[in-house]
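Student: I would like a close look at one helix and what surrounds it. Please then place it in the rest of the model.

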There are 2 protein chains.
Amino acid sequence: MTIETKSLARSHGGTQGVYTHNSRTCHCPMTFAVFVPPHEPGAKLPVLWYLSGLTCTHANVMEKGEYREAAARHGVIIVCPDTSPRGDGVADDPNNWKLGCGAGFYVDATEAPWASNYAMYSYVTEELPALVAANFPADMSRQSIFGHSMGGHGALICALKNPGRFRSCSAFAPITHPMTAEWSRPALEAYLGHNQASWRAYDAVALIEDGARLPELLVDQGTADSFLQDGLRPQLLSDACASAGIPLTLRMQEGYDHSYFFISTFMADHIAWHAGRLKA
Amino acid sequence: MTIETKSLARSHGGTQGVYTHNSRTCHCPMTFAVFVPPHEPGAKLPVLWYLSGLTCTHANVMEKGEYREAAARHGVIIVCPDTSPRGDGVADDPNNWKLGCGAGFYVDATEAPWASNYAMYSYVTEELPALVAANFPADMSRQSIFGHSMGGHGALICALKNPGRFRSCSAFAPITHPMTAEWSRPALEAYLGHNQASWRAYDAVALIEDGARLPELLVDQGTADSFLQDGLRPQLLSDACASAGIPLTLRMQEGYDHSYFFISTFMADHIAWHAGRLKA
């Protein structure tokens, strides 16, 4: 459970750190970023998890997400994991950005060659929370989660599969129903095999159909997002939430695309929304 | 005077664009970024120039500088030029990050092989302002300028050499006296030749010593900046301003380094400071 500090930088009155550790879950070194806002000595702070999208590492949102000002103002720790295992000996499909490194999809793979390392669901819900609890001034009784695209999918399934753990869940342009979207279905098949019943455990719409519930959801989605109709399909989440009685606030943001220019625009608003629930 | 749009993205209610054009000053294609905040049709908005530091392009501050929220709130256009000419036929010193591409130092080079393309002073003070005036809803009677490191140096000399053009000037960790700093002196010699008299026209401290004046200056400088003592030396600017009667607000920011984690922390504050003067 030791972590190595790769870099520390003061920012917005707090500390943006990057850390590595040898993951017993993914069986490789893993890197993650943590922003600790300014706080009184001895204080324990709520934790907001941010899961990133396809092709990203921990660094993209750390550099482009513009989360530190709001996190500092609200006194919330932000944890940004990587999106997959990486490195020597880790299976990859280098010519396919939707499978392998950068595309862990937050599942625990069961199929060769992926099962050896690709256990991102257990990594972000078990191993990394234990590391955060042990190494940062974190109040693990107050956690929330959000993410973007593949990471929005990740946030939704982590919250749906762990009722009561997260005070709140939100997403930017999430993949709502990955098992039926062309850009994500091949990854689920590669990681989980041909039996689609196993895919339903990692699919927000399917989890809701199968009975999982959340007290509420907040989703922002750009109308100029090139992945909107084929990959993301917020209407499927909206329909599932309506059927299940889950209050969903789905905000279609006129003219916004899928980029960090979109994410950063609504970042402070999401952090404020989570902070209200983390401090209630 | 035609520009080509490379990308447009909606962000913080405005538009972040990236553009290229064939520069008649630098004799190569040049790329720059412009953020236009939300505004009423027909409105003309003040322009705030941001000059970037060594190794950067237009993209670094666009991605990591966190300027859009404040620029949108204050209704200010932000223009981010590249830091040098680039491309086929442009002289470079690829193994030296302090000379050539990414290191134009905002001078008009007079020496071979640099003089053919390296005219960044004329580029950012003449050619690009004309393009901005012609292509964006810009009120060129209301301009201000700031920058970081080499770009802080650039902002200072542009303001000092053009009295009355800029309503205000500020800098993050500027190179205050490049002709005597080891990391910048070789570039000035390469670009401008051995006669140090010509260097003084592109050196903030020397310009002030030689009579240039500004109504006021704002500088933020991190105390944990690894370039502080040898490269940046804010005390030299402080001494020159004191002798010249220029009111300088020099804020030593405890624990901050030279990175965008530092810049982004104080970005909104600088934009608010400029906006107050642009709208006065």
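Tutor: What follows starts with one helix of chain A and then moves outward to the chain, the pair of chains and a few local details.

The model is predicted. The helix to look at is α9 of chain A, which runs over residues 234-244. Which of its residues are buried? They are P234(A), L237(A), A240(A) and C241(A). These four cover an arc of only 125° around the axis, so they sit on the same side of α9(A). An α-helix has 3.6 residues a turn, so residues three or four places apart point the same way. On the other side of α9(A), the exposed residues are A242(A) and S243(A).

What covers the buried residues? The cover includes two helices, α7 (204-209) and α8 (228-232), and two strands, β8 (217-222) and β9 (248-253), of chain A. Just after α9(A) comes G245(A), with a positive phi of about 75°.

The corresponding stretch of chain B can be examined from its other end. R233(B) is in the loop between α8 (228-232) and α9 (234-244) of chain B. Its phi is positive, about 55°, although R233(B) is not a glycine. Most residues other than glycine have a negative phi, and most peptide bonds are trans. R233(B) counts as buried because 20 other C-beta atoms lie within 10 Å, and 20 is the lowest count that qualifies as buried.

Now the chain as a whole. Chain A holds 10 helices and nine strands. Its radius of gyration is 17 Å, close to the 19 Å that the globule rule gives for 280 residues, so chain A is as compact as a globular protein of that length. The C-alpha trace of chain A spans about 50 × 40 × 35 Å along its principal axes. Of the 280 residues in chain A, 55% are buried. Among contacts in chain A between residues at least 6 apart in sequence, 72% join residues at least 24 apart.

Next, the two chains together. In chain A, 16 residues are in contact with 16 residues of chain B. The elements that give two or more residues to this side of chain A are β1 (4-11), α1 (58-64) and α10 (260-278). By type, the residues on that side are four nonpolar, seven polar and five charged.

How are the two copies related? A turn of 180° with a shift of 0.0 Å along the axis lays chain A on chain B with an RMSD of 0.0 Å. The two copies are therefore related as by a two-fold rotation axis. The same surface serves both copies, since 100% of the contact residues of chain A recur in chain B. Of the residues of chain A, K64(A) comes closest to the rotation axis, its C-alpha being at 2.7 Å.

Strand β1 can be followed in chain B. There β1 (residues 4-11) pairs with β2 (residues 14-23) in the antiparallel sense, over seven bridges. T5(B) is opposite Y19(B) of β2(B). The hairpin of β1(B) and β2(B) has two residues between the strands, and H12(B) in that hairpin takes a positive phi near 50°. On from there, β2(B) pairs with β3 (residues 28-36) of chain B, again in the antiparallel sense, over nine bridges. Here Q16(B) has F35(B) in β3(B) as its bridge partner. The hairpin of β2(B) and β3(B) has four residues between the strands, and H27(B) in that hairpin takes a positive phi near 55°.

Another helix of chain B, α4 (residues 150-161), contains A159(B). A159(B) counts as buried because it has 28 C-beta neighbours inside 10 Å. Leaving aside residues up to four places away in sequence, A159(B) touches I145(B), F166(B), C169(B) and L214(B).

Two backbone details of chain A remain. T55(A) is in the loop between β4 (45-51) and α1 of chain A, and its phi is positive, near 75°, in a residue other than glycine. T55(A) counts as partly exposed because it has 15 C-beta neighbours inside 10 Å. The peptide bond from A112(A) to P113(A) is cis, with omega near -5°. P113(A) lies in the loop between β5 (77-81) and α3 (120-135) of chain A. In chain B, the peptide bond from A112(B) to P113(B) is cis, with omega near -5°.

How values were computed: Residues numbered from 1 in each chain as written. Chains lettered and ligands numbered in written order. Predicted model: local features only at pLDDT ≥ 70, side-chain atom pairs only at ≥ 80, totals over all residues. Rg over C-alpha atoms; globule rule 2.2 N^0.38 Å. Buried ≥ 20, exposed ≤ 12 C-beta atoms within 10 Å, placed from the backbone. Contact = placed C-beta atoms within 7 Å. Nonpolar A, V, L, I, M, F, W, Y, C, P; charged D, E, K, R; others polar. Least-squares fit on C-alpha atoms with pLDDT ≥ 70 in both. Arc of directions from axis to C-beta. Pairing = 2+ DSSP bridges.
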